[in-house]
Amino acid sequence: MLVGAALSIALAIILSNSAHAGGALEARKLPMKFSWITCQPNCGGWVSAVGIVTSDTPRDFDEFARGRQLRGTTIVLDSSGGSVNDAIALGRRWRNLGALTTVGTSLQTNTAQELPANTAPVAYCESMCVFLLLAGKTRYVPESAHVRVHQIWMGDRANDAKAAVYAADDLMIVERDIGRLAKYTFDMGGTGDLLLLSLNVPPWEDLHELSREELRLTNLVTTDMIAQSDVPEAAMVELGSRPARDRFASSAVATEINSAPAKSTKAIAAMGRTGGMSGAAQPGQE
């Protein structure tokens with residue numbers, strides 16, 4: 001079974017183009033979109049997942065996945081977070097597919113002979129995106145990617161959390177969703193350190209960026225490489241500034257996703273200064 005995708009890195013092109021940088025920033029603030037990135041003849045491709053998780057996102061992914069052969073595929077994340085319960089539902093879909101996860105922005109590199117797709121590691125995975133990263137059966141974070149965490153909060157009061165008024169029902173919703181998030185974290189193979197680091201940061205403070213040591217402590221990173229070990233021409237490919245060493249192809253196993261999206265609650269990830277949502281379906285301000 002395929003366990004990777006060739007993600008050759010074009011560092012010279014990343015964000016040197018200001019238009020691309022601005023476009024990527026805006027995309028992270030919009031509802032999540034899924035795209036299939038093809039890089040033939042060098043590899044089979046991967047799924048690009050860019051934007052905020054909303055109540056529509058699990059259903060959108062089901063529609064995207066219908067008719068596609070996504071088992072064992074790589075999913076490349078660039079996201080500012082979003083709805084807690086919908087991110088959990090989406091993450092479980094990805095684990096059922098045996099997907100790999102990483103952080104990056106997909107782009108096209110123009111050359112005289114071909115138009116290969118590349119994944120630039122300078123990207124952000126924040127708040128609930130971190131728990132989507134955790135959904136990968138194998139998880140890789142490039143050195144230049146930014147993974148940031150903080151508390152979940154009431155979405156409609158995240159912009160001014162200190163000044164907002166809260167009822168007992170609000171506290172119940174947040175505590176219930178923390179319980180769901182804890183179960184999900186352990187089901188996905190994460191550690192209590194991830195919850196501890198996240199829940200220590202309130203929405204009125206800057207997000208905490210995980211160090212390389214913390215990425216390993218929380219079990220968000222399971223490998224420094226993405227490999228394919230079960231195909232005949234198996235070889236290892238290092239992702240980062242080093243060149244790719246092998247070609248990857250998409251899986252030939254068709255998958256039908258039948259589970260219905262979980263209901264979204266009011267408790268969502270508030271993004272602080274780096275962007276986020278003020279409700280289940282509306283992106284907030286950067």
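**Disulfide, sheets and core of the predicted model**

With a relative accessibility of 0%, Cys125 counts as buried, because the limit for that class is under 20% relative accessible area. The model analysed here is predicted, and Cys129, likewise at 0% relative accessibility, is also classed as buried. These two cysteines form a disulfide in which the sulfur atoms lie 2.1 Å apart, and the structure holds 1 disulfide in total. The torsion about the S-S bond is -110°, so that the link between Cys125 and Cys129 is left-handed.

At the level of the whole protein, 7 helices and 14 strands are present, and buried residues account for 52% of the 286 residues. Among contacts with a sequence separation of 6 or more, 73% are made by residues that are 24 or more positions apart.

An open sheet of 5 strands follows the order β1-β2-β3-β4-β8, and its pairing is mixed. The edges of this sheet are occupied by β1 (33-37) and β8 (138-140), each of which has a single partner strand, so one side of each is left without a neighbour in the sheet. On average, and with direction ignored, neighbouring strands of this sheet are turned by 20° against each other. At the β8 edge, strand β4 (residues 100-103) and β8 run parallel and are joined by 3 bridges, with Thr101 standing opposite Arg139 in β8. At the other end of the strand order, helix α2 (residues 57-65) lies across β1 and β2 (46-50), and the helix runs at about 25° to β1.

Another open sheet, with 3 strands, has the order β7-β9-β11 and again shows mixed pairing. Its edges are formed by β7 (124-126) and β11 (208-209), and because each of these has a single partner strand, one side of each lacks a neighbour in the sheet. Strand β9 (residues 146-149) pairs with β11 in the antiparallel sense over 2 bridges, an arrangement in which Arg148 stands opposite Glu209 in β11.

In soluble globular proteins, nonpolar side chains tend to be buried together. The largest nonpolar core in this model comprises 49 residues, and those with the most contacts inside it are Phe34, Phe61, Leu77, Trp94, Phe131, Val147 and Leu220. Helix α4 (residues 128-133) supplies the largest share of this core, with 6 residues. The surroundings of Phe34 can be described in further detail: with neighbours within four places in sequence left aside, Phe34 is in contact with Val47, Ser48, Ala49, Thr57, Asp60, Phe61, Phe64, Leu90 and Trp94. This list therefore includes Phe61 and Trp94, which are themselves among the residues with the most contacts inside the core.

Helix α6 (residues 192-199) contains the buried residues Leu194, Leu195, Leu197 and Ser198. Because these residues cover an arc of only 165° around the axis, they are placed on the same side of α6. The packing partners of the buried residues of α6 are α4, β9, α5 (168-187), β11 and α7 (212-217). These partners thus include the paired strands β9 and β11, as well as helix α4, the source of the largest share of the nonpolar core.

Note on methods. Residues numbered from 1 in each chain as written. Predicted model: local features only at pLDDT ≥ 70, side-chain atom pairs only at ≥ 80, totals over all residues. Heavy atoms only, no water. Pairing = 2+ DSSP bridges. Helix = DSSP H or I, 4+ residues; strand = E, 2+ residues; numbered from the N terminus. Core = buried A, V, L, I, M, F, W, Y, C linked by side-chain atoms within 4.5 Å. Buried < 20%, exposed > 50% of the residue type's maximum accessible area, 1.4 Å probe, protein only. Contact = heavy atoms within 4.5 Å. Disulfide = S-S within 2.5 Å. Arc of directions from axis to C-beta. Axes fitted to C-alpha atoms, helices over the stretch in contact; angles between N-to-C directions.
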